[in-house]
Amino acid sequence: MGGCAGSRGHLSDSDSEETASEPQAPLLGSQGAHWKNAVGFWFLGLCNNFSYVVMLSAAHDILSHKKEAGNHTHVDPGPIPIPHNGSSRFDCNSVSTAAVLLADILPTLLIKFLAPLGLHLLPYSPRVLVSGICSAGSFVLVAFSHSVWVSLCGVVLASISSGLGEVTFLSLTAFYSRAVISWWSSGTGGAGLLGALSYLGLTQAGLSPQHTLLSMLGIPILLLASYFLLLTAPEHDPRREEEADTAAQQPLIGVDAPACKPNFGWNLSLQERWTVFKGLLSYIIPLVLVYFAEYFINQGLFELLFFQNTSLSHPQQYRWYQMLYQAGVFVSRSSLRCCHIRLTWILALLQTSDKHREFAMAAACISDTLGISLSGALAIPVHNFLCRLP
């Protein structure tokens, strides 16, 4: 297996010479290849964010830590619960669900910070394999964990999988038609809806959280299948004529081909990077604020919204909150396929130069992760303050 888009094996020297000298049929020009790539990126977006979403949906269960052992239910008491007045409307876990949020986002933040420095040196296939393995490991570790802290380690694996996959697959879109970006975006929105809905539905149907997580091990397999089997050979980026010419003179060896390695701005000086980054701050700061507010509510306050006069338990109510929130995310992220901006010259005024664009994309994607991380850090003391109110 290999290929930054699922090409099979390596080509011989004679094959590569023939490839370089003869015109090739435009794979991505055909309707079949177009839809294979579109569906492939949709599934990559879905599978990449799935474990991240499920861990957020399971946050309340992870912290209350109810486990099944045979026909008996084992409850890990964990830390001593925070005392609160019996007349209070709050039903607090000893640890805020923001702790799960931080475990689910900080490794992603670290990966995004380090990616522009050298991730381009690692070929795509190993990155995808690591992402898939970490995703599967997260489900298994959380499912079989007997303590909150081991469960949080499983959440960290889900974050590594999601963060590494996001940087990898977004870079990969540079070698395909622009349409795949909207399909990827819709897939990530689908991950939110299907991840939250599947966790809610299976647990609501009577399946334990442990068995629910184990039933999701097919998602990492689907991730690998989408990458290695669905995607066709990538296009060369027309903005990099030198790289394309060099690649045409060398054997096509799938993911290791030079044209399949994004620059991540490695050829820019530190001064140039800082200049580009400062120019992006007017766009980064609003995004940070939006994601901060969004996740402060989602993981900082949702768990405290508990209505006692209903047939739903507190964990069930939390799962419904997550599902409804993710439904909105799905609609939002799928809107790119429905709402088209015709006055594209306006967007051109906002762009950076071709030389800086790839680095700018890598730097700007830090916005959501930074905002989410800050919300998790603040949500923990706010949770503790509210739960100690008389």
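Buried means under 20% relative accessible area. By that cut-off R319 counts as buried, because its relative accessibility is 9%. The legends below describe close-up views of a predicted model.

**Figure 1. Overview of the predicted chain, a fold of 15 helices and two strands.** The chain has 390 residues, and 48% of them count as buried. Its accessible surface comes to about 18700 Å². Carbon and sulfur atoms account for 68% of that surface. Contacts between residues at least 6 apart in sequence are dominated by long-range pairs: 84% join residues at least 24 apart. Three salt bridges are counted in the model. The next two views show them.

**Figure 2. A salt bridge between R319 and D61.** The side chains meet at 2.9 Å, N to O. R319 belongs to helix α12 (residues 314-334), and D61 to helix α3 (residues 59-64). The pair links distant parts of the chain, 258 residues apart. Both partners fall under the 20% cut-off for buried residues. R319 has a relative accessibility of 9%, and D61 has 11%.

**Figure 3. A salt-bridge network of K112, E166 and D368.** E166 and K112 form one of the bridges, with their closest N and O atoms 3.1 Å apart. E166 lies in helix α6 (residues 148-172) and K112 in helix α4, so this pair ties together parts that are 54 residues apart in sequence. K112 also forms a salt bridge with D368, where the closest N and O atoms are 3.3 Å apart. D368 lies in helix α15 (residues 366-387), so the K112 and D368 pair ties together parts that are 256 residues apart in sequence. The shared partners join K112, E166 and D368 into one network. Each residue of the network is buried. The relative accessible area is 3% for K112, 15% for E166 and 18% for D368.

**Figure 4. A nonpolar surface patch that includes L114.** L110, F113, L114 and L117 make the patch. Its area is about 430 Å². L114 sits in helix α4 (residues 98-118). Residues three or four places apart in an α-helix point the same way, because the helix has 3.6 residues a turn. L114 is partly exposed, with a relative accessible area of 47%. K112, also in α4, is buried at 3% relative accessibility.

**Figure 5. The kink in helix α11 at L281.** Helix α11 spans residues 270-301 and contains L281. A kink of about 50 degrees is centred on this leucine. The helix has 32 residues, but its end C-alpha atoms are only 40 Å apart. A straight helix would reach 46 Å at 1.5 Å a residue. L281 itself is partly exposed, at 30% relative accessibility. The C-alpha atoms of L281 and S367 are separated by 9.6 Å. Those two residues are 86 apart along the chain. Buried residues of α11 include R273, V276, L280, I284 and V288. Also among them are Y291, Y295, F296 and N298.

**Figure 6. The surroundings of Y325 in helix α12.** Y325 is buried, with 15% relative accessibility. Leaving aside residues up to four places away in sequence, Y325 touches E294, Y295, N298 and F302. Of these contacts, Y295 and N298 are among the buried residues of α11. The C-alpha atoms of Y325 and G192 are separated by 8.5 Å. Along the chain, Y325 and G192 are 133 residues apart. Helix α12 also carries R319, the partner of D61 in a salt bridge.

**Figure 7. Helix α15 and the kink at A379.** The kink is about 25 degrees and lies shortly before the proline P381. Helix α15 has 22 residues. From first C-alpha to last it reaches 32 Å, close to the 32 Å expected at 1.5 Å a residue. D368, one of the residues in the salt-bridge network, lies in this helix.

Conventions. Residues numbered from 1 in each chain as written. Predicted model: local features only at pLDDT ≥ 70, side-chain atom pairs only at ≥ 80, totals over all residues. Heavy atoms only, no water. Helix = DSSP H or I, 4+ residues; strand = E, 2+ residues; numbered from the N terminus. Buried < 20%, exposed > 50% of the residue type's maximum accessible area, 1.4 Å probe, protein only. Contact = heavy atoms within 4.5 Å. Areas by Shrake-Rupley, 256 points an atom, 1.4 Å probe, with all protein chains shown as cover. Patch = residues over 30% accessible without salt bridge, like charges linked within 9 Å, V, L, I, M, F, W, Y side chains within 5 Å. Salt bridge = Lys/Arg side-chain N within 4 Å of Asp/Glu carboxyl O. Expected span 1.5 Å × (residues − 1). Bend = angle between axes of the 7 residues up to and from the residue.
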